[in-house]
Amino acid sequence: MPLEVRKGSLRGLKTSLPKHLRKVDLKYLRLGGDCANKYFQGAVVISYPLTRLGDGKAFFKIVLQESENSCNRTDTINVLLFGKLAEDCEKVVHQGDTMVVAGFNVAKSASEDDRHCCQLEMADEAGSSIYICPKSPRTAAASETAISVAPKYTYTPLNQLKGGTVVNLYGVVKFFKPPYVSRGTDYCSVVTIVDQSDTKLVCMLFNANRDALPKIYKNGDIVRFHRIKVREFSGQMQGITNNGFAALTFDSTVGAPVVPRTTTTLFTFTDEDKKTVEDLRIWVARNFSNSAPAANLSSIQPQMFFDLTCHLVGKAKVDGSSYLLKVWDGTKCPFPSLKVLVKEDDLEGDRVLINQLKNLTVDVIVYDNHVQLAKSLKVGNFIRMYSLHAKTQNPEGKPEVSYVQFHLHGGTGYGRGITILPENHTDVKELKAFLDTVDLREHAGSESPSSQETEDSYLTLGSCVEGYQQLSVTVLTDHQHLDVTTVNTILNSRVPQQYRVRAKLKRFEPNKLHQSVKLLCPQCNSLQEVPDVTEFDALLQASATRPNPDLQNIPFCESVVWDLENQGCRYVAVHFVTRYELLQEPEDSLIMIEGGTLTEILRLSKKFKGIIPVRSLEENLVLLDLSAPFFWQGNIQYYGCQRCSNPKAVPSLYALAQQQNATWEPATIAKVLGIVLLQYVFVMKFTLDDGTGALDAYLVDNKTFFQIPASEILTSNVYQRNMERIMNKLHPTGRNQDDLPWLECFIKSYYVRDETEEQLSYQIFDTMIAEDV
């Protein structure tokens with residue numbers, strides 16, 4: 001029986017428990033633990049009202065306290081009950097009752113209430129059981145009456161926000177970017193909201209799970225954010241995600257059902273919340289201008305940007321940086337539109353339906369950062385594309401003919417992106433109802449200019465449209481608004497500017513790829529060769545004089561000195577940097593070494609997080625000459641710019657060593673020691689030829705273009721082989737110019753001056769090798 005109330009003593013209750021159950025203490029409850037044969041016992045200190053989740057399932061929350069006499073909130077834990085078990089328990093549980101729970105699931109707590117970091121989740125279908133020993137009448141008379149405590153949330157108007165606070169708030173979406181992959185591993189969504197105070201708040205929302213971000217479909221949607229952190233940024237308030245962040249989203253249409261789109265299965269929504277949403281709907285209708293340029297295909301105009309709600313009937317890969325989506329919305333584009341020819345095996349979708357709709361569908365080319373989401377779409381999805389571009393194009397040699405191309409450019413500017421709309425969304429219901437009324441036979445025989453299947457109206461991998469003549473082996477990471485410019489035009493322009501080019505790699509330098517790695521100073525832009533580390537052995541051993549004994553008591557170090565008598569009285573001192581006077585594990589430790597050889601440092605670098613070679617100078621430890629690496633980490637050596645650096649003595653590290661979250665990373669250590677860190681970069685010269693001319697463009701890149709870190713190419717055989725394969729793809733040996741792959745890239749022109757003349761040079765930027773290369 002899932003729920004059992006036992007009158008009498010607690011001892012009697014325990015004797016009636018199944019014999020296989022063993023008690024588990026609160027301190028042993030943790031994620032991933034095996035609790036199949038365990039029970040937890042506690043006293044009820046709070047019980048919340050029974051509520052209903054978005055799917056109608058009953059939800060009941062109680063708080064159990066392990067120790068009867070404890071006043072510490074960490075001795076309490078949240079217990080969440082679902083379904084019939086929640087309904088039955090809510091009727092009989094009271095404050096002060098002793099409760100024994102078994103068959104629970106241990107999950108990470110969703111609340112920020114200083115209670116136990118885990119929560120217990122229970123339901124009938126999970127085989128959960130609850131045993132209750134009611135509080136005795138004598139105890140009940142001597143204690144306060146049990147009260148059901150409803151969580152009361154306070155909502156802050158946007159004009160009353162203060163930096164450094166965590167708040168709950170309501171707002172109306174004025175602008176948003178659909179979730180996209182940030183520079184890290186999380187998804188990001190940028191949402192600008194306003195409320196009746198006419199105050200604007202920009203929110204930066206991050207989560208590793210795309211579905212955990214607010215489900216916003218259009219400007220004007222109403223959002224409720226719980227536990228969002230407010231900070232001041234550039235003189236304005238900004239909202240960012242915080243632990244426990246949760247969001248609800250509502251349609252702002254007056255009279256529509258108040259049904260939240262949720263990011264969590266656990267949320268409260270009261271009559272007061274419903275009134276707040278309805279009040280905001282009225283305010284939106286009266287005061288809020290929804291400027292989203294929503295349109296259907298029959299109303300588009302050339303060159304316009306618009307939002308399109310449509311039905312996906314087919315999709316296919318075009319090349320490494322673009323993807324094809326075949327969509328329709330039941331209306332007909334009034335202009336001839338380009339069709340993309342792809343291999344039949346690459347096209348996903350019902351061929352019969354695609355052929356039936358060929359005069360009503362349009363081909364949308366999706367670029368760069370939107371490709372991954374486009375690949376994940378399922379044929380049959382209803383989607384909304386934001387800031388879609390209806391771009392006109394004239395076939396080469398036929399200026400009198402014009403066609404419309406539909407492009408979703410890369411980047412997230414102007415809210416560009418794609419969202420999958422749920423089947424129960426109002427716009428989807430309306431679109432499906434409209435599509436059911438479309439007579440496909442009426443359009444099947446249409447021979448209007450917009451549907452003629454002429455040779456010019458098709459975009460193939462060999463046609464000259466939007467620069468996609470055939471497979472491109474590079475991806476553009478920004479500036480998709482720039483049109484392709486011929487090399488001849490670039491060479492005849494003497495004004496420094498940015499260009500988009502499409503060409504082939506005629507040749508490159510250096511041919512020995514390891515010679516392309518250099519060291520770049522980010523301040524003075526000077527380049528230098530990467531030194532040979534074997535040259536430093538003499539410099540390292542020159543610091544091997546007898547260490548100053550006064551320097552063996554550095555406040556944040558523990559030091560050891562070895563007297564190597566069999567090596568000509570050589571001394572080696574190792575200083576272990578401590579945190580709060582404690583040594584760390586070797587893999588997390590920073591050490592400083594005096595007098596060590598190259599071999600010894602390389603051996604130690606395999607065990608310790610980082611190594612700083614130092615020498616004794618008067619009453620301080622100082623760095624070696626900056627011609628040597630100032631920091632060693634694994635197989636990589638880090639150098640400082642001798643021109644721009646202002647080295648500080650080693651005790652400058654003390655403040656960093658006391659920081660709780662500090663990490664021994666090269667950039668952090670360099671900053672503390674006054675070092676301008678030199679960056680490992682690839683420096684190459686590409687000769688690009690598009691048939692109209694050839695120009696030399698320089699590549700100066702850290703790790704973006706090849707997606708290989710330049711700092712590791714000299715020590716990693718795997719990276720070296722990868723780079724060789726990439727260059728063989730870009731410029732295969734023994735192939736003529738016609739057989740080379742196309743590179744699409746951005747280049748910028750700039751003047752380089754010396755004492756006698758100035759010369760126009762070109763550099764590649766915001767371009768990277770496609771993943772499939």
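Here are some questions and answers about a few local features of this predicted model.

User: Happy to start with Asp329. Where does Asp329 lie, between which two strands?

Analyst: Good place to begin! Asp329 is in a loop rather than in a strand. The strand on one side is E22, covering residues 339-340, and the one on the other side is E21, covering 322-328. The loop that holds Asp329 is therefore the one between E21 and E22.

User: Which side chain of opposite charge is nearest to Asp329, and how far away is it?

Analyst: Asp329 is buried, yet has no salt bridge. A salt bridge needs the nitrogen and the carboxyl oxygen within 4 Å. The nearest side chain of opposite charge belongs to Arg384, at a distance of 11 Å.

User: Which polar contact joins the side chain of Asp329 to another side chain, and at what distance?

Analyst: Two partners are worth looking at here. The side chain of Asp329 reaches a backbone atom, the nitrogen of Leu297, at 2.9 Å. Its side-chain partner is Thr331, in a polar contact of 2.7 Å.

User: Which phenylalanine does Asp329 touch, leaving aside residues up to four places away in sequence?

Analyst: The residues touched include Asn296, Leu297, Thr309 and Cys310. Leu308, Leu431 and Leu435 are also among them. The phenylalanine is Phe434.

User: Moving on to the backbone, what is omega for the cis peptide bond between Glu509 and Pro510?

Analyst: Most peptide bonds are trans. Pro510 lies in the loop between strand E29 (498-509) and strand E30 (517-520). The bond joining Glu509 and Pro510 is cis, with omega at about -5°.

User: Is Arg227 buried or exposed, and what is its relative accessible area?

Analyst: Arg227 sits in strand E15, residues 222-233. Its phi is positive, near 60°, although it is not a glycine. Buried means under 20% relative accessible area. Arg227 therefore counts as buried, with a value of 19%.

User: And Asn525, is that one buried or exposed, and at what relative accessibility?

Analyst: Asn525 is in the loop between E30 and strand E31 (527-529). Phi of Asn525 is near 60°, again a positive value in a residue other than glycine. The cut-off for exposed is over 50%. Asn525 therefore counts as exposed, at 56%.

User: Last one: which residue in E42 is the bridge partner of Lys748?

Analyst: Strands E41 (residues 743-753) and E42 run antiparallel and are joined by eight bridges. E42, residues 758-765, is mostly covered, with six of its eight residues buried. In E42, Lys748 has as its bridge partner Gln763.

Terms used: Residues are numbered from 1 along each chain as its sequence is written. This is a predicted model: local features need pLDDT of at least 70, side-chain atom pairs count only at pLDDT 80 or more; totals for chains, interfaces and linings use all residues. Side-chain values use heavy atoms; hydrogens and water are left out. Helices (H or I, at least four residues) and strands (E, at least two) are DSSP runs, numbered from the N terminus. Buried means under 20% relative accessible area, exposed over 50%, partly exposed in between (1.4 Å probe, protein chains only). Lys and Arg count as positive and Asp and Glu as negative; His and the chain ends are not counted. A polar contact is a pair of N or O atoms within 3.5 Å; within protein, one must be able to donate a hydrogen and the other to accept it, and residues adjacent in sequence count only if both atoms are side-chain atoms. Contact means heavy atoms within 4.5 Å. Two strands pair if DSSP finds at least two bridges between them.
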